Amino acid sequence: MGRKTILKTLLTSTALGTGPTATTSIEVSRFTEASIYIKITAKSGTTPVMDADIQTSHDNTDWHKHTAITTITDPTITYYADVIKVTNLSKYLRLNITLTGSTPTMTTEITMILKD
């Protein structure tokens with residue numbers, strides 16, 4: 001039997017501002033790998049920077065940093081970040097995103113493909 005893949009959306013055309021923003025959490029315990037895709041479709045402010053951490057949780061309440069994602073600095077529009085592959089998944093997974101800069105915003109789409 002072949003591997004199954006499932007597409008999950010974490011953010012859909014969401015305008016993010018300063019401060020941490022957590023995406024929707026996804027139950028991933030039956031999967032062996034996640035590939036995360038980040039697309040920036042608009043930005044504003046002076047030198048906006050996005051930092052994101054992949055977080056995992058066993059109970060969907062207590063979150064722990066799994067992996068830091070490459071920083072996205074003042075992206076061109078439309079910008080596609082490198083695909084992030086994650087293994088050693090816990091029960092739940094989400095992204096925690098922080099924007100910095102002078103009054104930064106980024107309109108962001110984040111999707112994840114999960115593989116059995």
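**Notes on salt bridges, backbone oddities and strand pairing**

1. Lys43 counts as partly exposed, with a relative accessibility of 35%. That is a value from a predicted model, as is everything below. The side chain of Lys43 meets that of Asp74 in a salt bridge, with N to O at 2.7 Å. The two residues come from distant parts of the chain, 31 residues apart: Lys43 is in strand 4, and Asp74 is in the loop between strand 5 (64-73) and strand 6 (79-80). Asp74 is also partly exposed, because its relative accessibility of 33% falls between the 20% and 50% cut-offs.

2. How many salt bridges are there in total? The count comes to five. Besides the Lys43 pair, one of them joins Arg30 and Asp116, whose closest N and O atoms are 3.1 Å apart. This pair spans 86 residues, from the loop between strand 3 (26-27) and strand 4 (33-57) to the segment after strand 8 (92-115). Arg30 is partly exposed at 49% relative accessibility. Asp116 is partly exposed too, with a relative accessible area of 25%.

3. Another pair to click on is Glu33 with Lys85, a salt bridge with its closest N and O atoms 3.8 Å apart. Here the partners are 52 residues apart, with Glu33 in strand 4 and Lys85 in strand 7 (residues 84-86). Are the two ends buried or exposed? Glu33 is buried, with a relative accessible area of 15%, whereas Lys85 counts as exposed at 53%. If you set up protonation states, have Lys115 in view as well: Glu33, Lys85 and Lys115 are linked in a network of salt bridges.

4. Now the backbone. Which peptide bond is cis? The one that joins Ile77 and Thr78, with omega about -10°. Thr78 lies in the loop between strand 5 and strand 6. Asp74, the salt-bridge partner of Lys43, is placed in that loop as well.

5. Two residues other than glycine have a positive phi. For Asn88, phi is near 55°. Asn88 is found in the loop between strand 7 and strand 8, and its relative accessibility of 69% makes it exposed. For Thr103, phi is near 45°. Thr103 sits in strand 8 rather than in a loop, and it counts as exposed at 64% relative accessibility.

6. Strand 8 turns up again and again in the pairing list. With strand 4 it runs antiparallel, joined by 21 bridges, and Tyr37 stands opposite Thr111 in strand 8. With strand 1 (residues 5-16) the pairing is antiparallel over nine bridges. One place to look there is Leu7, whose bridge partner in strand 8 is Ile113.

7. Strands 2 and 3 also pair with strand 8. Strand 2 (residues 19-22) does so in the antiparallel sense over four bridges, with Pro20 standing opposite Thr98 in strand 8. Strand 3 runs antiparallel to strand 8, and two bridges join them. Glu27 has Tyr92 as its bridge partner in strand 8.

8. One residue in strand 8 deserves its own point: Asn96. Why does it count as buried? Its relative accessibility is 17%, and the cut-off for buried is under 20%. What does Asn96 touch, leaving aside residues up to four places away in sequence? The contacts are Pro20, Thr21, Ala22, Asp51, Ala52, Asp53 and Gln55. Pro20 is a residue you have already met, opposite Thr98 in strand 8.

9. To recap what to inspect: the Glu33, Lys85 and Lys115 network, the cis bond between Ile77 and Thr78, and the positive phi values at Asn88 and Thr103. After that, follow strand 8 along its antiparallel pairing with strand 4, and finish at the buried Asn96.

Key:
Residues numbered from 1 in each chain as written. Predicted model: local features only at pLDDT ≥ 70, side-chain atom pairs only at ≥ 80, totals over all residues. Heavy atoms only, no water. Salt bridge = Lys/Arg side-chain N within 4 Å of Asp/Glu carboxyl O. Buried < 20%, exposed > 50% of the residue type's maximum accessible area, 1.4 Å probe, protein only. Pairing = 2+ DSSP bridges. Contact = heavy atoms within 4.5 Å.
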